[in-house]
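I opened this notebook to keep track of what I looked up, going from the whole chain down to single residues.

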Amino acid sequence: MAPFPETDKILPPEAVYPDARGRIIALPAFPTSHAMIIESGPGAVRGNHYHHHESHLMYVVSGRMLYIEEQAGGDLMTLDVGPGQAVVSPRGLAHCTVFPVETVIAVLSDVDRSGANYEAEVVRVEPLQRRADISAWYDGPQVTP
């Protein structure tokens, strides 16, 4: 298991506009039908599924996210994503996220995720974080539903 090359997978903001009041951060361009903010505590694990039709962009507002994605051949790729960075989870590829610290992410989806739409769209998989060696990034307890 090797991390993705940053130039291939980690996306910086499109632009940052600072002034005396703070900053405006333009997220990477992504076709968006649904947006949400997800807050996760230390050790939280989310995902362990793939989507039939949905792709989504995950932007780390604060904290840190370990993104694990299963490639078409079955290899796992792991990416350490920090504040101000984003990653796109493509449709059809199993993925999960592990949050080693308190983390806030913004998620932009290219399909409507409201109500029953989300559950009809996902296919659950065996926990990817159990197959990946994430001990270099996080070796504490994991919180799953």
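I began with the secondary structure of this predicted model, and I counted two helices and twelve strands in the protein chain. Reading from the N terminus, I wrote down the order of the elements as β-α-β-β-β-β-β-β-β-β-β-β-α-β.

Next I looked up the overall dimensions. The C-alpha atoms of the protein chain fill a box of roughly 45 × 35 × 30 Å along the principal axes. I then compared the radius of gyration with the value for a compact globule: for 145 residues that value would be near 15 Å, and the protein chain has 15 Å, so the two agree.

I turned to burial and contacts. Of the 145 residues in the protein chain, 41% are buried. Among the contacts with a separation of 6 or more, I noted that 79% join residues 24 or more positions apart.

For the surface, I found that the protein chain exposes about 7,600 Å², and that carbon and sulfur atoms supply 54% of this area. I also looked up the charges, 10 positive and 18 negative, and their mean positions turned out to be 3 Å apart.

Then I went to single residues, starting with a histidine. Is His-95 buried or exposed? His-95 lies in strand 10, which spans residues 95–99, and its relative accessibility is 3%, under the 20% cut-off, so I entered His-95 as buried. The side chain of His-95 makes a polar contact of 3.0 Å with the side chain of Ser-89, and it also reaches the backbone oxygen of Leu-93 at 3.0 Å. Setting aside neighbours within four places in sequence, I listed the residues in contact with His-95, including Gly-47, Asn-48, His-49, Tyr-50, His-51, Tyr-67 and Leu-128.

I followed the polar contact to the serine. Ser-89 lies in strand 9, residues 86–89, and with a relative accessible area of 0% it is buried. Which side chain does Ser-89 meet in a polar contact of 3.2 Å? I found that the partner is Tyr-67. Beyond four places in sequence, the contacts of Ser-89 include Glu-54, Ser-55, His-56, Met-58 and Glu-69, and His-56 and Glu-69 also appear on the list for His-95.

Another residue on the list for His-95 is Asn-48, which I looked up separately. Asn-48 lies in strand 5, residues 44–51, and is buried with a relative accessible area of 9%. Most residues other than glycine have a negative phi. I therefore marked the backbone of Asn-48, where phi is positive at about 55 degrees although the residue is not a glycine.

I closed with two residues checked for burial and for distance. Leu-79 lies in strand 8, residues 76–81, and is buried at a relative accessible area of 3%. The C-alpha atoms of Leu-79 and Val-125 are separated by 19 Å, and the two residues are 46 residues apart along the chain.

Glu-126 has its place in the segment after strand 12, which covers 122–124. Is Glu-126 buried or exposed? I found a relative accessible area of 65%, over the 50% cut-off, so Glu-126 went down as exposed. Glu-126 and Ala-94 are 32 residues apart in sequence, while their C-alpha atoms are 9.5 Å apart in space.

Key: Residues are numbered from 1 along each chain as its sequence is written. This is a predicted model: local features need pLDDT of at least 70, side-chain atom pairs count only at pLDDT 80 or more; totals for chains, interfaces and linings use all residues. Side-chain values use heavy atoms; hydrogens and water are left out. Helices (H or I, at least four residues) and strands (E, at least two) are DSSP runs, numbered from the N terminus. The radius of gyration is taken over C-alpha atoms; the globule rule is 2.2 Å times the number of residues to the power 0.38. Buried means under 20% relative accessible area, exposed over 50%, partly exposed in between (1.4 Å probe, protein chains only). Contact means heavy atoms within 4.5 Å. Accessible areas come from the Shrake-Rupley method with a 1.4 Å probe; for residues, only the protein chains shown count as cover. Lys and Arg count as positive and Asp and Glu as negative; His and the chain ends are not counted. The place of a charge is taken as NZ of Lys, CZ of Arg, CG of Asp or CD of Glu. A polar contact is a pair of N or O atoms within 3.5 Å; within protein, one must be able to donate a hydrogen and the other to accept it, and residues adjacent in sequence count only if both atoms are side-chain atoms.
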